[in-house]
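Student: Before we discuss the labels attached to this protein, could we look at the model together and ask what each label rests on?

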Amino acid sequence: MTIRHKLVGDAMQMVVCQLGPQQQVFCEAGKFLWKTANVSMETRLGKGAPGGGDDGGGGLLKRALSTAGEMGKRALAGESLAFQWFQASGDSGLVSFAGVLPGQMRVLELDGSRSWYAEKDAFVCAEGSVDFDIAFAGWKQGRRGGEGFVLERFSGSGTLVIAGAGNFIELNPAKYGGKIQVDTGCVVAFEESIHYGVERVGGLSMKTAVTAVFGGEGLSLATLEGDGQVILQSLTYDGMANALHRREGGDDRTGLTGGLFGGGND
(Lines give C-alpha, C1' and ligand atoms only; values in the text may rest on other atoms or scores of the structure.)
Protein backbone atom coordinates (compact mmCIF):
# COMPACT_ATOMS: atom_id res chain seq x y z
CA MET A 1 0.00 0.00 0.00
CA THR A 2 1.47 3.33 -1.08
CA ILE A 3 2.12 5.83 1.70
CA ARG A 4 0.26 9.10 1.24
CA HIS A 5 2.77 11.94 1.21
CA LYS A 6 3.39 15.59 0.39
CA LEU A 7 6.63 17.31 -0.56
CA VAL A 8 6.96 20.71 1.14
CA GLY A 9 9.39 23.55 0.39
CA ASP A 10 11.68 24.57 -2.45
CA ALA A 11 15.34 25.15 -1.53
CA MET A 12 15.25 22.68 1.37
CA GLN A 13 12.45 20.20 0.80
CA MET A 14 10.92 17.87 3.35
CA VAL A 15 8.38 15.09 2.98
CA VAL A 16 5.33 14.69 5.20
CA CYS A 17 4.01 11.11 5.31
CA GLN A 18 0.53 10.12 6.41
CA LEU A 19 0.63 6.64 7.89
CA GLY A 20 -2.49 4.54 7.69
CA PRO A 21 -3.39 1.46 9.76
CA GLN A 22 -0.61 -1.16 9.75
CA GLN A 23 1.71 1.09 7.73
CA GLN A 24 5.30 1.51 8.90
CA VAL A 25 8.13 3.69 7.66
CA PHE A 26 11.82 3.60 8.57
CA CYS A 27 14.65 6.12 8.17
CA GLU A 28 18.32 6.51 8.92
CA ALA A 29 19.45 8.53 11.93
CA GLY A 30 19.40 12.28 11.31
CA LYS A 31 16.59 12.31 8.72
CA PHE A 32 13.56 12.55 11.09
CA LEU A 33 12.03 16.01 11.64
CA TRP A 34 8.68 15.84 13.47
CA LYS A 35 5.64 13.64 14.07
CA THR A 36 2.19 13.71 15.61
CA ALA A 37 1.81 12.25 19.09
CA ASN A 38 -0.04 9.14 17.88
CA VAL A 39 2.99 7.99 15.87
CA SER A 40 5.32 5.74 17.84
CA MET A 41 9.08 5.75 17.24
CA GLU A 42 11.40 2.81 17.82
CA THR A 43 15.14 2.59 17.21
CA ARG A 44 16.39 -0.78 16.01
CA LEU A 45 19.67 -2.22 14.80
CA GLY A 46 19.42 -3.26 11.18
CA LYS A 47 16.39 -3.02 8.93
CA GLY A 48 14.42 -5.91 10.48
CA ALA A 49 10.79 -4.94 11.03
CA PRO A 50 9.92 -4.07 14.63
CA GLY A 51 7.71 -6.26 16.73
CA GLY A 52 8.65 -9.54 15.04
CA GLY A 53 8.66 -12.53 17.34
CA ASP A 54 10.32 -15.93 17.11
CA ASP A 55 8.47 -18.11 14.63
CA GLY A 56 10.34 -21.24 15.68
CA GLY A 57 12.59 -23.39 13.56
CA GLY A 58 15.59 -21.15 14.14
CA GLY A 59 13.81 -18.03 12.86
CA LEU A 60 15.16 -15.88 15.68
CA LEU A 61 18.73 -17.04 15.07
CA LYS A 62 18.37 -16.49 11.33
CA ARG A 63 17.18 -12.93 11.86
CA ALA A 64 19.99 -12.29 14.34
CA LEU A 65 22.62 -13.49 11.87
CA SER A 66 21.03 -11.45 9.08
CA THR A 67 21.03 -8.33 11.27
CA ALA A 68 24.68 -8.91 12.24
CA GLY A 69 25.67 -9.22 8.57
CA GLU A 70 23.75 -6.09 7.67
CA MET A 71 25.37 -4.15 10.54
CA GLY A 72 28.79 -5.29 9.40
CA LYS A 73 28.24 -3.98 5.88
CA ARG A 74 26.86 -0.69 7.19
CA ALA A 75 29.87 -0.29 9.48
CA LEU A 76 32.27 -0.85 6.56
CA ALA A 77 30.31 1.72 4.56
CA GLY A 78 30.56 4.27 7.37
CA GLU A 79 26.79 4.33 7.86
CA SER A 80 24.73 4.50 11.05
CA LEU A 81 24.02 1.05 12.50
CA ALA A 82 20.50 1.92 13.61
CA PHE A 83 17.22 2.71 11.87
CA GLN A 84 14.30 4.61 13.34
CA TRP A 85 10.88 3.00 12.79
CA PHE A 86 7.53 4.80 12.89
CA GLN A 87 3.99 3.45 13.12
CA ALA A 88 0.68 5.23 13.77
CA SER A 89 -1.92 4.15 16.29
CA GLY A 90 -5.51 4.71 15.24
CA ASP A 91 -6.60 5.71 11.77
CA SER A 92 -3.63 7.84 10.70
CA GLY A 93 -0.66 9.88 11.84
CA LEU A 94 1.86 12.28 10.36
CA VAL A 95 5.65 12.02 10.33
CA SER A 96 8.14 14.20 8.43
CA PHE A 97 11.67 13.68 7.11
CA ALA A 98 14.31 15.64 5.17
CA GLY A 99 17.78 15.28 3.70
CA VAL A 100 20.92 16.75 5.23
CA LEU A 101 21.71 19.48 2.67
CA PRO A 102 19.61 22.09 0.83
CA GLY A 103 18.15 20.42 -2.22
CA GLN A 104 15.34 18.40 -3.71
CA MET A 105 13.61 15.14 -2.90
CA ARG A 106 12.04 12.39 -5.01
CA VAL A 107 9.41 9.85 -4.04
CA LEU A 108 9.81 6.54 -5.87
CA GLU A 109 7.10 3.88 -5.88
CA LEU A 110 8.64 0.41 -6.12
CA ASP A 111 6.39 -2.27 -7.60
CA GLY A 112 8.68 -5.28 -7.12
CA SER A 113 9.71 -5.48 -10.76
CA ARG A 114 12.85 -3.34 -10.61
CA SER A 115 15.31 -2.26 -7.92
CA TRP A 116 16.96 1.11 -7.41
CA TYR A 117 20.53 1.97 -6.42
CA ALA A 118 21.20 5.20 -4.51
CA GLU A 119 24.27 7.09 -3.36
CA LYS A 120 24.83 6.32 0.33
CA ASP A 121 23.76 9.75 1.60
CA ALA A 122 20.64 9.95 -0.58
CA PHE A 123 18.33 7.64 1.39
CA VAL A 124 15.77 9.48 3.53
CA CYS A 125 13.01 7.00 4.42
CA ALA A 126 11.07 4.03 3.07
CA GLU A 127 7.96 2.03 3.69
CA GLY A 128 8.49 -1.02 5.87
CA SER A 129 7.87 -3.35 2.92
CA VAL A 130 10.92 -1.99 1.03
CA ASP A 131 14.07 -4.14 1.26
CA PHE A 132 17.34 -2.34 2.00
CA ASP A 133 20.90 -3.51 1.37
CA ILE A 134 24.43 -2.13 1.00
CA ALA A 135 25.94 -2.65 -2.46
CA PHE A 136 29.67 -2.09 -2.87
CA ALA A 137 30.62 -0.94 -6.37
CA GLY A 138 34.01 -2.69 -6.22
CA TRP A 139 37.38 -1.82 -4.72
CA LYS A 140 38.95 -0.50 -7.94
CA GLN A 141 35.90 1.62 -8.70
CA GLY A 142 35.88 2.81 -5.11
CA ARG A 143 39.49 3.99 -5.23
CA ARG A 144 38.91 5.76 -8.55
CA GLY A 145 35.39 7.01 -7.92
CA GLY A 146 35.52 8.11 -4.29
CA GLU A 147 31.90 8.88 -3.45
CA GLY A 148 30.64 6.21 -5.85
CA PHE A 149 32.22 3.32 -3.93
CA VAL A 150 29.26 2.61 -1.64
CA LEU A 151 25.76 2.32 -3.05
CA GLU A 152 22.52 1.36 -1.33
CA ARG A 153 20.09 -1.04 -3.02
CA PHE A 154 16.32 -0.84 -2.59
CA SER A 155 13.98 -3.55 -3.81
CA GLY A 156 10.55 -5.02 -3.11
CA SER A 157 7.35 -3.00 -3.12
CA GLY A 158 6.49 0.26 -1.41
CA THR A 159 7.33 3.94 -1.13
CA LEU A 160 10.97 5.11 -1.16
CA VAL A 161 12.11 8.70 -0.57
CA ILE A 162 15.55 10.00 -1.60
CA ALA A 163 17.15 13.44 -1.40
CA GLY A 164 20.08 15.25 -2.97
CA ALA A 165 21.89 18.58 -2.96
CA GLY A 166 20.93 21.43 -5.27
CA ASN A 167 18.55 20.66 -8.13
CA PHE A 168 17.75 17.33 -9.78
CA ILE A 169 17.83 16.36 -13.41
CA GLU A 170 16.49 13.00 -14.61
CA LEU A 171 18.02 11.35 -17.68
CA ASN A 172 17.88 8.08 -19.59
CA PRO A 173 21.28 7.21 -21.12
CA ALA A 174 19.50 5.31 -23.91
CA LYS A 175 18.38 8.69 -25.29
CA TYR A 176 21.98 9.94 -25.43
CA GLY A 177 23.79 7.18 -27.26
CA GLY A 178 23.45 4.66 -24.43
CA LYS A 179 26.05 6.16 -22.10
CA ILE A 180 26.60 9.32 -20.07
CA GLN A 181 29.68 10.42 -18.10
CA VAL A 182 29.08 12.17 -14.79
CA ASP A 183 31.08 13.69 -11.96
CA THR A 184 31.06 10.94 -9.33
CA GLY A 185 29.58 13.30 -6.74
CA CYS A 186 26.58 14.15 -8.90
CA VAL A 187 25.05 10.66 -8.94
CA VAL A 188 21.97 10.39 -6.71
CA ALA A 189 20.17 7.22 -7.84
CA PHE A 190 19.54 4.96 -10.83
CA GLU A 191 17.46 1.94 -11.79
CA GLU A 192 19.02 -1.53 -11.73
CA SER A 193 18.92 -1.71 -15.54
CA ILE A 194 21.72 0.88 -15.56
CA HIS A 195 25.32 -0.33 -15.45
CA TYR A 196 27.51 1.82 -13.18
CA GLY A 197 31.26 2.18 -13.59
CA VAL A 198 34.16 4.61 -13.17
CA GLU A 199 36.64 5.43 -15.93
CA ARG A 200 39.59 7.73 -16.43
CA VAL A 201 39.30 10.40 -19.09
CA GLY A 202 42.07 12.20 -20.96
CA GLY A 203 45.83 11.93 -20.66
CA LEU A 204 47.86 13.32 -17.79
CA SER A 205 48.69 16.66 -19.36
CA MET A 206 50.48 19.38 -17.39
CA LYS A 207 47.16 21.10 -16.69
CA THR A 208 45.57 17.85 -15.51
CA ALA A 209 48.57 17.02 -13.32
CA VAL A 210 48.46 20.43 -11.62
CA THR A 211 44.72 20.08 -11.09
CA ALA A 212 45.19 16.64 -9.51
CA VAL A 213 47.98 17.86 -7.19
CA PHE A 214 45.88 20.72 -5.86
CA GLY A 215 42.78 18.62 -5.24
CA GLY A 216 40.77 19.31 -8.36
CA GLU A 217 38.47 16.80 -10.02
CA GLY A 218 38.35 15.57 -13.58
CA LEU A 219 40.60 12.48 -13.69
CA SER A 220 37.75 10.03 -13.14
CA LEU A 221 34.11 10.11 -14.13
CA ALA A 222 31.21 7.86 -13.27
CA THR A 223 29.75 6.12 -16.32
CA LEU A 224 26.08 5.21 -16.52
CA GLU A 225 25.04 2.92 -19.37
CA GLY A 226 21.81 1.24 -20.41
CA ASP A 227 18.11 1.96 -20.63
CA GLY A 228 16.61 3.28 -17.40
CA GLN A 229 16.12 6.30 -15.20
CA VAL A 230 19.08 8.19 -13.70
CA ILE A 231 18.75 11.00 -11.14
CA LEU A 232 21.62 13.51 -10.87
CA GLN A 233 22.18 16.45 -8.54
CA SER A 234 23.64 19.86 -9.37
CA LEU A 235 25.63 20.26 -6.13
CA THR A 236 28.16 17.77 -4.78
CA TYR A 237 28.85 17.17 -1.10
CA ASP A 238 32.58 17.70 -1.67
CA GLY A 239 31.87 20.93 -3.56
CA MET A 240 29.86 22.34 -0.68
CA ALA A 241 32.43 21.18 1.89
CA ASN A 242 35.28 22.81 -0.06
CA ALA A 243 33.33 26.07 -0.41
CA LEU A 244 32.64 26.19 3.34
CA HIS A 245 36.27 25.38 4.10
CA ARG A 246 37.47 28.29 1.97
CA ARG A 247 35.06 30.63 3.74
CA GLU A 248 36.31 29.48 7.15
CA GLY A 249 39.83 30.29 6.03
CA GLY A 250 38.87 33.90 5.31
CA ASP A 251 38.85 33.61 1.53
CA ASP A 252 35.75 35.76 1.07
CA ARG A 253 34.78 38.96 -0.70
CA THR A 254 35.98 41.22 2.16
CA GLY A 255 39.52 39.83 1.98
CA LEU A 256 39.63 39.81 5.78
CA THR A 257 40.40 36.79 7.95
CA GLY A 258 38.94 38.06 11.20
CA GLY A 259 35.41 39.04 10.26
CA LEU A 260 34.10 42.51 9.45
CA PHE A 261 36.72 44.45 11.37
CA GLY A 262 39.61 42.03 11.02
CA GLY A 263 39.63 40.82 14.62
CA GLY A 264 43.31 41.63 15.08
CA ASN A 265 45.03 43.40 17.96
CA ASP A 266 45.80 47.08 17.68
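Tutor: Let us start with a term: a strand here is a DSSP run of E with at least two residues, numbered from the N terminus. In this predicted model, E42 is found in strand β5, which covers residues 39-45.

Student: What makes E42 partly exposed?

Tutor: Buried means under 20% relative accessible area and exposed means over 50%; E42 has 33%, and therefore counts as partly exposed.

Student: Why is the contact between R44 and E42 called a salt bridge?

Tutor: The term requires a side-chain nitrogen of Lys or Arg within 4 Å of a carboxyl oxygen of Asp or Glu. The side chains of R44 and E42 meet at 2.9 Å, N to O, so the pair fits that definition.

Student: How do you know that E191 is buried, whereas R114 is partly exposed?

Tutor: The cut-off for buried is under 20%; E191, at 14%, therefore counts as buried, while R114, at 34%, counts as partly exposed. The side chains of these two residues, R114 and E191, also meet in a salt bridge, at 3.6 Å from N to O. R114 lies in the loop between β8 and β9 and E191 in strand β15, so the pair ties together parts that are 77 residues apart in sequence.

Student: What makes β14 and β16 edge strands?

Tutor: Three strands form an open antiparallel sheet in the order β14-β17-β16. β14 and β16 each have a single partner strand, so one side of each is left without a neighbour in the sheet.

Notes. Residues are numbered from 1 along each chain as its sequence is written. This is a predicted model: local features need pLDDT of at least 70, side-chain atom pairs count only at pLDDT 80 or more; totals for chains, interfaces and linings use all residues. Side-chain values use heavy atoms; hydrogens and water are left out. Two strands pair if DSSP finds at least two bridges between them. Helices (H or I, at least four residues) and strands (E, at least two) are DSSP runs, numbered from the N terminus. Buried means under 20% relative accessible area, exposed over 50%, partly exposed in between (1.4 Å probe, protein chains only).
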